[in-house]
Amino acid sequence: GTADNRGNILDAMGLAVTIYRQPGCTFCDQARAWLQAHQVPFAERDLTQDPLARSELARMGVFDGPAIVVAGQVFLSFDPDALRAALSQDVRGTPAERRAARTDQGP
């Protein structure tokens, strides 16, 4: 069916995870495999084919991909512990805790 009843709380919450990738990106491949293994839904955008994806990254202050974005947090390398922490924060943290945990609070 269309419903996935594996109890994936991240999926139920509609967590936004996007991989902005380029061909030959090893860390993108590692991140994709890790996200799939942990049943985390994600989108992939090809920076070489998608000008809108490049614009989205630029608005986040990233002018050279690839990158992984988890609920607004930008990762420029594959770090399973950091990804796990970002995903856990979104699931378990309160909005105030999530705001306090962000280090990129600029204008």
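Let me start with the helix α2, which lies across β1, β2, β3 and β4 and runs at about 155 degrees to β1. Please keep in mind throughout that what we are looking at is a predicted model.

The sheet beneath that description is an open one of 4 strands, in the order β2-β1-β3-β4, and its pairing is mixed. Its edge strands are β2 and β4, the latter covering residues 73-75, and each of these pairs on one side only. From one strand to the next, the twist averages 20 degrees. If we look at a single pair, β1 and β2 run parallel and are joined by 4 bridges, and within that pairing Ile19 has Glu44 of β2 as its bridge partner.

Now to the nonpolar side chains. Which residues touch the most other members of the largest nonpolar core? They are Ile68 and Val70, in a core that has 15 residues. Two or more residues come from each of β1, α2 (26-37), β3 (67-70) and α4 (80-92), and α2 gives the most, with 5 residues. Setting aside neighbours within four places in sequence, Ile68 is in contact with a list of residues that includes Thr18, Ile19, Phe27, Ala31, Phe75 and Leu83. There is also a second, separate core of 7 residues, among them Tyr20, Ala53, Leu57 and Ala67. As background, nonpolar side chains in soluble globular proteins tend to be buried together.

I would like to finish with two arginines, beginning with Arg21, which lies in strand β1, residues 17-21. Is Arg21 buried or exposed? Its relative accessible area is 14%, and because the cut-off for buried is under 20%, Arg21 counts as buried. Beyond its neighbours within four places in sequence, Arg21 is in contact with Cys28, Asp29, Arg32, Glu44, Arg45, Asp46, Leu47, Thr48 and Pro66.

That list brings in Arg45, whose place is in strand β2, residues 43-46. Arg45 has a relative accessibility of 18%, and therefore it too counts as buried. With which side chain does the side chain of Arg45 make a polar contact? The partner is the side chain of Asp50, at 2.9 Å. Not counting residues up to four places away in sequence, Arg45 touches Thr18, Ile19, Tyr20 and Arg21, and also Asp50, Leu52, Ala53 and Glu56. Two of the residues on that list, Tyr20 and Ala53, are ones we met a moment ago as members of the second core.

Note on methods
Residues numbered from 1 in each chain as written. Predicted model: local features only at pLDDT ≥ 70, side-chain atom pairs only at ≥ 80, totals over all residues. Heavy atoms only, no water. Buried < 20%, exposed > 50% of the residue type's maximum accessible area, 1.4 Å probe, protein only. Contact = heavy atoms within 4.5 Å. Core = buried A, V, L, I, M, F, W, Y, C linked by side-chain atoms within 4.5 Å. Polar contact = N/O pair within 3.5 Å; in protein donor to acceptor, adjacent residues only side chain to side chain. Pairing = 2+ DSSP bridges. Axes fitted to C-alpha atoms, helices over the stretch in contact; angles between N-to-C directions.
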